[in-house]
Amino acid sequence: MFKKRENEPAYALLNDASCQTLNRYGHTINTVEAGDVRRDQSLNINDDNSISANPNRYKQHGFYFNADNCIACHACEAACSEKNDNPAHISFRSVGFVEGGTYPAYQRINISMACNHCDDPVCLKGCPTRAYTKYAEYGAVLQDPDICFGCGYCTWVCPYNAPQLDPVKGQVSKCNMCVDRLEVGLKPACVSACLGNALDFGVIENIPVNRVQAKTEIPGFPRTDITHPNIRFQQTRTPQRDMSRVDQNPVKYHRQQNSESFNPVVDMKHGVEREWNWTRLLGSHENAHIAFTLSAQTVMAAFLILLTGCWFEPVASFQSSSAMMPSLYFMFVLISFGLFKLNMHLGKPERFYRGFYNLKHSPVSREIAGVSLFYTGLIGYIFFAHFNHGYTQILQILFAGIGVLGAGFGGYFMYKLYRIEARPFWNHWYTAASFCATGLVLGSLLLAVIALLFSSMTVGLGQVLLSMVVVGLVLDLAGLTAHARSLQSSSSEGAASFYLQTTRYGNAYWLRNSLLVVALLLAIYMLLSTNHTVFTYSVLTVIALASHIISRALFYVVVIPTTMPGAFFWKNQGFVEHAREVGLVDMPQLGVVHERHHAFNISELVETIKTTTMKQKFSQLRSIFTG
Amino acid sequence: MLFGRSKKNPIKIVDKGVIEWKYATCGYCSTGCSIEVGLNEAGKPVSSRGVADADVNRGKLCLKGIYEHELFDSAGRGTVPKKRDHWHEDWQTTDWDTALDTTHDEIRRIQEKHGRDSFAIVSTGQMLTEEFYTLGKLTRGLIGTNNYDGNTTLCMASAVSGYKRSFGSDGPPGCYEDFEYTDCLIAWGSNLPEQHPIIYWRMKEAQEKRKFPLIVVDPRVTMLAQFADIHLPITPGTDVVLQNALMHVIFDEHLEDAEYIEANTNNVEELREEVAKYKPSMAAKICGIDEDTIRSVARLYANAGAAMSIWTMGINQSTHGSDGVVGINNLALITGNIGKPGGTSLSITGQCNAMGTREWSSCSGLPNYRMLENPQDRKDIAEFWNIDEEFLPKKRGMFQTDIYHAIETGQIKGLWLIATNPLSSLPNSERVRRAMQKLEFCVVQDCYEDTESAQYAHVYLPAGTWAEKEGVMTNTERRVNLVKPIVTPPGEAKPDLWIFNQMAKRFNTTGRVFFPEKSADIFLEMASISKGRLSDISGMSHDLIEKNRGIQWPYTGRQLSMNETPPQGGKRLYTEAASFRYADGKAKLIPLPFIDNNEVPDEKFPVWLNTGRLIEHWHGRTKTGKIGNNNKYSPIPFIEINPDLAAELDIQRGEYVRLVSRRSDAVVMATPTQRVPKNMVFLPFHFHDCANRLTLGLLDPHSRQPAYKQSAVRIEKLDDQKAAAKLSMEMRAF
């Protein structure tokens, strides 16, 4: 437990004499009511089983930030990192700023932000490993790095950049509300360190002495309906009409007419020149996702086409042709590669089995479960294809069913997990259209190429597959058009993503669009002319594949989250990329580290299997469903 | 567990296992915060926190203090003495005796060949007061060179000079408590939140209890300027004009405190005559502040019950820095704002112990504000040290800035650098580099062996840093506070005091001068010669200082013997009528004609170069550049440039640009912001081979402090960004 000094200064002491019953979102401030079994339990901090007598222990607490006063002195960040022993590249709290006006009527608003211990923590719901817990004590949302397997999904869904993915350790960690200090009646370390009298802490909705507001809006802070964050602001100085970010994000915040609220709008800070930027486009850490989504969608679609298409004669004849088994093998190899890439991008690949832990809430868990189900179905289907008995055929059909079920379930949640409120670029039906199109186009072409290679191509099969390619391409183009329209007219980070897509990656963007159109025209021509030469299929496949790779790379690289503004160096992804590109990253003390891959630690896995009792294993399994 | 998991896991929170907290005074700026460093079971410093009951910081620390425990084992610490015949050669490690003997022999050789003053000693504001005192005794009493100065010439010399000219002595008259009583605060070229964050917090606390108007004079829209009630975005280098115009209004509208002037000052008529020339309408054209605002500020300041001024480098680092200080003092004197609660002219000092060196190092004179020019002072000290009175020079020698010019012209042949890095910190680095290459012998004594100035050294002496040593430091409000050894210096490195004492043995051949070994004993020696002086510390001892978390001087032996406990804070100077340090007790009002000798932007170099500090860095970054959780906020040099200027020059955010001045050039990253006007860039000075390659640094005629903040540059777009990035990176390697 935290050792409190006898003479702690008054500013460091918790001092909520009273509080309200309901917060502004209509939730009770009491986390659990009197008499609840969850009361009066120890938090067991570092094996200390004492129970704090803090009278407000079961009330939702939150930070209070007076933006009028913050001087960006970084004392809060330093105190936090010092207490939590964080290396320079990790910080649970960070200060960024927005600025506006013209000299000397210049205005800068600094924003210090950590975790907001939300009423609806999307990190907790999103985390596939159930590393997150929202405690009845103080309403703290705590994350356990020992459970985390480092997928980083929580960092995607949190609008406030609270969870910190450490590329070195391969795990996430975050603000723990200094619950050890709260237990002894002290405010968190960051609050006690504040030198501008800007940061405060207490029971939520309580306004500190000498302060007059408890708003949830300041320029640069994302909307609150996503997570119902427990943070309140004061900001009484009228901001300039436009407050710009100084990090690389092409976003500024524009004051609404007759309103105090600010909306994110595009800030064309990189100019309007169209560029290629291949290295950044294809060199991102998200390559594993490109490989996984493309291969899984292709294989799942090809499998579905094969199995559900058996009522069509051409597909049925493919099934009985010499191309059938090679196509299954190829599908197996391809999806295995995708799964391997996905698993190995984890910070802790040996903890892969934890991916199922949060079926109750997490779309990631459901996706992993679905795809695993499909993988099982595919393997079983291939395996029993080698036998020719009555019961093996039944088993094969059973596995086919599992595969179809898994593909449907996994495919749906693969899409669903990208519908993230804090990532407007993804949060559109285009994501579904694009994923389906990948399956239809690449899945069909996979079958067509193998049919050609094994001389099993027929006019009928070609027509079926090409029709699906055409449908896929039309769907993709329709989705793209709708997406572009929606982004351009939106007032969100989505518009900024579109700006990035059409400038910094503008050439790749237009190349992709052109390739899609060329592919569509070629596919229609082939369909109408019944041209089924190896050459035309190869050309079509290369064009389609290239367009999909570019498309998916764009999907990951231009997404701009509705996250907190950074500073010019610190918390500026642009500077991080620059440091990695030019080698500054190799200097110690820079606060930037390389992205890195983590080896599969077999000994840790074996150790876990050995030290976990059967009973524990069963209870783990049970909790997958019970929570 | 509202949801997430039904079975709670135990919570793990980092516990650094601190078993003991050790007391020290922070070694960064002059605020003088009391700090505790936590040691774990292995005796390793793992944590820092502010001392809760210390009046200065009341439990708070800034980000540098919070990470001060990481200082001890930072990269580049020197662990063995080193030696070489020529700076071209590789270093050879050696033992202490050889290193010290060589140094002694070379000093004497040079002095014998070229005269006593041909060997110069340049020290710092970073050491402990007992060390300064011992070095002063060694230099003045035994080595006998008059070219002995500290790097405080680069930051505080103008304040020292201005105080001396106005009040008859150095010594800031106010204290932090003044914020609690003032009715008007003017901050001249001082960006408290960034440079002295804890003093800012004290001001903020006072302001939240009782709102008082804040006026900020600064050409850049700093956070403090943004929070000001009135911001005066002044044209660089024209403070004296603004001050004269303010006094013009005060006299013109009869807002002065005639009674106070009569009782406490001389020379008011000369002052009246001079400021009569500065009509606000005329001044506005020079200083860029409109006449209405000048009048409004003058009235606000003069009508306030108690008004105070604080200032830092915006005033000091100027060709008329000393005049700027005198101007601030003039304003305070004519309105009766000295020595009363909330009414003061308080120089916010720079280095942690800049005050200690001013009081005790004998750089500019003799201990405790005694002057070489004063025969009685020479006599007293010569007797006390047991040296020949005639051995002491009759007036002070060169300032650090002049010493470098004398190396250039060949007058000075040898140099002892102590805890300072002129290759980074002096203006016009290339000129400094050329000078250093000419030295016959240079010894560098520093806690870092990778300090850039060691490139041209022949002997390197590894020293302890901050709380590897014991002694006191004096802060901005004249509070003497204690540093205790928390760890021992690494390897064979030794505390500076030990080095001075060992060196003294070699010069003290007859043994007539006494050098106590222990810091606490030296303090008592100092206390005994402080009796009856302005800076009387005769009631203090190390133990009493720690107990009180620092004591403001004066605190006399008489007060101690009468059991008068030292006050927590709130001690001021010149509280009695006519108690200034001139013979008649009256302060001097000095007229300040304005001479514009700055380098100002022109056609070839059209942009002002304004330099300054960042909160996360300390001076030359030797310390903070190695601590990731400080350095990361600004790891490479950058300029703030107005977006309109950037657009004209086709410079994008985050691009490297080349700044060119009449001296040399620098490569920096551009961050466009409206914080600066279109004809100015702001460049932090912390980075080696950067800002000071550009600065001219004309010297103030009184204080010899360089004008770092007024130079002219042009900005060039760089087409090869990769090469620029590489160059910028190479210059950051330690």
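These exercises work through a predicted model with chains A and B.

**Exercise 1. Overall form of chain A**

Find how many helices and strands chain A has, then judge its compactness from the radius of gyration.

*Solution.*
- Start with secondary structure: chain A holds 19 helices and twelve strands.
- Next, take the radius of gyration of chain A, which is 27 Å.
- Set that against the globule rule, which gives 25 Å for 627 residues.
- The two values are close, so chain A is as compact as a globular protein of that length.
- Finally, look at the extents: the C-alpha trace of chain A spans about 85 × 65 × 50 Å along its principal axes.

**Exercise 2. The contact of chains A and B**

Describe the side of chain B that touches chain A by elements and by residue class.

*Solution.*
- Count both sides: chain A puts 67 residues into the contact, and chain B puts in 65 residues.
- Now list the elements of chain B that give two or more residues to this side: α1 (63-66), α6 (197-209), α7 (223-227), α24 (628-631) and α27 (721-730).
- Pick out the leading contributor: α6(B) gives the most, with six residues.
- Sort the side of chain B by class: 30 residues are nonpolar, 17 are polar and 18 are charged.

**Exercise 3. Domains 1 and 4 of chain B**

Locate the domains of chain B, then characterise the contact of domain 1 with domain 4.

*Solution.*
- Read the bounds from the domain assignment: domain 1 (20-71), domain 2 (82-148 + 371-462 + 490-515), domain 3 (157-347) and domain 4 (607-730).
- Check the spacing: the C-alpha centres of domain 1 and domain 4 of chain B are 31 Å apart.
- Count the contact: seven residues of domain 1 of chain B meet eight residues of domain 4 of chain B.
- Classify the domain 1 side: five residues are nonpolar, two are charged and none is polar.

**Exercise 4. A helix pair in chain B**

Work out how helices α11 and α12 of chain B pack, from crossing angle to residues.

*Solution.*
- Take the axes of α11 (residues 280-287) and α12 (residues 291-303) of chain B: they come within 8 Å and cross at roughly 110 degrees.
- Angles of 65 to 115 degrees count as roughly perpendicular.
- Therefore α11(B) is roughly perpendicular to α12(B).
- Add the hand: the crossing of α11(B) and α12(B) is right-handed.
- Name the residues: α11(B) brings B:Pro280, B:Ser281, B:Ala283 and B:Ala284. They meet B:Glu291, B:Ile294 and B:Arg295 of α12(B).
- Sort the residues of this contact: four are nonpolar, one is polar and two are charged.

Terms used:
Residues are numbered from 1 along each chain as its sequence is written. Chains are lettered from A and ligands numbered from 1 in the order in which they are written. This is a predicted model: local features need pLDDT of at least 70, side-chain atom pairs count only at pLDDT 80 or more; totals for chains, interfaces and linings use all residues. Two residues are in contact if their C-beta atoms, placed from the backbone, lie within 7 Å. Helices (H or I, at least four residues) and strands (E, at least two) are DSSP runs, numbered from the N terminus. Ala, Val, Leu, Ile, Met, Phe, Trp, Tyr, Cys and Pro count as nonpolar, Asp, Glu, Lys and Arg as charged, and the others, Gly among them, as polar. Domain bounds come from an automatic or database domain assignment. Axes are lines fitted to C-alpha atoms, for helices over the stretch in contact, and angles run from 0 to 180 degrees between N-to-C directions. Angles under 35 degrees count as roughly parallel, over 145 as roughly antiparallel, 65 to 115 as roughly perpendicular and the rest as oblique. A crossing is left-handed if the near helix is turned anticlockwise from the far one by less than a right angle, and right-handed if clockwise. The radius of gyration is taken over C-alpha atoms; the globule rule is 2.2 Å times the number of residues to the power 0.38.
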